[in-house]
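This report goes through the sheets, a metal site and a covered helix of one protein model. The sequence and structure come first.

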Amino acid sequence: MAADNMSLSAFRQLATKIVCVGRNYKEHALELGNAIPKKPMLFLKSPNAFLAEGEPIVAPPGCQNLHQEVELAVVISKTAKNVSKSDAMSYVGGYTVALDMTARDFQDEAKKSGAPWFLAKSFDGSCPIANFIPKSEISDPHNEELYCIINGKDQQRSRTDLMIFDIPTLIEYTTQFVTLQPGDLILTGTPAGVTKIVPGDVIEIGLTGKINAKFRVQ
Ligand SMILES: CC(=O)CC(=O)C(=O)O
Ligand SMILES: [Mg+2]
């Protein structure tokens, strides 16, 4: 399938991993009392995390503090290993907007004990995604406005040029360690404004003028 013609279901089927970048927006790192990273901070969600529009967001068992994190996601179009920054954008097939749903109480507990964030970040349905946007529709992914509206009110809104590490840097850094495959996603980190989500909430995410998706919390 042509990389610029991938449907949501196609990249969902192809993806073997969702690489997530943490603390890539200064204001978000600071709102949770975290240090600004000196190099990209990566963690992983499995493809079980994908959730499409129409499917409900459900907190994992025992979670008392579920947070939303809206993020610009990059869809990889071809096998990528040891890619240089200057070549990196040729490995991008398109974009989408995703929610990095986070069981914040699980994460806080894991941080205290030095345990992995796996259950806080990679529970089933923890990555609601909007539709695929072909690369040709976004001339500069670092010049877009990302938003998250909860129950009709703005909760997160930010320019993507505020990312600490840009997309070529993230691809170069990641592919030193991990081979990215067609359909894999890089979630580029969330801006400030994460908050507690409760059953009945309606979360709208998007890129201004380009894409919008709506999810209900069960
Ligand atoms: C503190 C976090 O959960 C990091 C993260 O996912 C982010 O987007 O930043
Ligand atoms: Mg995140």
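The sections below take up the annotated domain, the magnesium site, a residue in contact with that site, two sheets and one helix.

The model is predicted. An unreviewed UniProt entry places the feature "domain: Fumarylacetoacetase-like C-terminal" at residues 17-214. In the model, the end C-alpha atoms of this span lie 23 Å apart. Helix accounts for 16% of the span and strand for 33%.

**Magnesium site**

Three residues supply the protein donors of the magnesium ion (ligand 2): Glu69 and Glu71 through OE, and Asp100 through OD. The donors lie 2.0 to 2.1 Å from the ion. Their spacing in sequence is E-x1-E-x28-D. Glu69 sits in the loop between β4 (66-67) and β5 (70-76), whereas Asp100 sits in the loop between β6 (92-99) and β7 (102-103). These two residues are 31 residues apart, and the pair links distant parts of the chain. Both Glu69 and Asp100 are buried.

**Gln156**

Gln156 belongs to strand β11. Its relative accessibility is 1%, and since buried means under 20%, Gln156 counts as buried. The side chain of Gln156 makes a polar contact of 2.8 Å with that of Thr190. Beyond its neighbours within four places in sequence, Gln156 is in contact with residues including the magnesium donor Glu69. Gln68 and Val70 are also among its contacts, as are Leu146, Tyr147 and Cys148. Further contacts of Gln156 include Pro191, Ala192, Gly193 and Val194.

**The four-stranded sheet**

Strand β11 is part of an open sheet of four strands, in the order β11-β10-β14-β15, with antiparallel pairing. Its edge strands are β11 (153-159) and β15 (211-216), each of which pairs on one side only. On average, neighbouring strands of this sheet are turned by 15° against each other, direction ignored. Two of the strand pairs are set out below.

| Strand pair | Bridges | Residues opposite each other |
|---|---|---|
| β10 (residues 145-150) and β11 | six | Glu145 and Arg159 |
| β14 (residues 202-207) and β15 | six | Val202 and Arg216 |

β14 and β15 form a hairpin with three residues between them. In the turn, Gly209 has a positive phi of about 80°. The side chains along β15 alternate: Ile211, Ala213 and Phe215 point to one face and are buried. Asn212, Lys214 and Arg216 point to the other face and are not buried.

**The three-stranded sheet**

A further open sheet has three strands in the order β7-β4-β13, and the pairing is antiparallel. Its edge strands, β7 and β13 (196-197), each pair on one side only. Two bridges join β4 to β13, and Leu66 has Ile197 as its bridge partner in β13. Strands β4 and β7 each also border a loop that holds a magnesium donor, with Glu69 in the loop after β4 and Asp100 in the loop before β7.

**Helix α5**

Helix α5 (residues 167-177) is mostly covered, with eight of its eleven residues buried. The buried residues are Ile167, Pro168, Thr169, Leu170, Ile171, Tyr173, Thr174 and Thr175. Strands β1 (18-22), β2 (41-45) and β12 (185-187) are among the elements that cover them. The cover of these residues also includes β5 and β6.

Conventions. Residues numbered from 1 in each chain as written. Chains lettered and ligands numbered in written order. Predicted model: local features only at pLDDT ≥ 70, side-chain atom pairs only at ≥ 80, totals over all residues. Heavy atoms only, no water. Pairing = 2+ DSSP bridges. Axes fitted to C-alpha atoms, helices over the stretch in contact; angles between N-to-C directions. Donors = N, O, S within 2.8 Å, 3.2 Å for Na, K, Ca; no water. Buried < 20%, exposed > 50% of the residue type's maximum accessible area, 1.4 Å probe, protein only. UniProt positions renumbered as here; feature names shortened; annotations may be inferred. Polar contact = N/O pair within 3.5 Å; in protein donor to acceptor, adjacent residues only side chain to side chain. Contact = heavy atoms within 4.5 Å.
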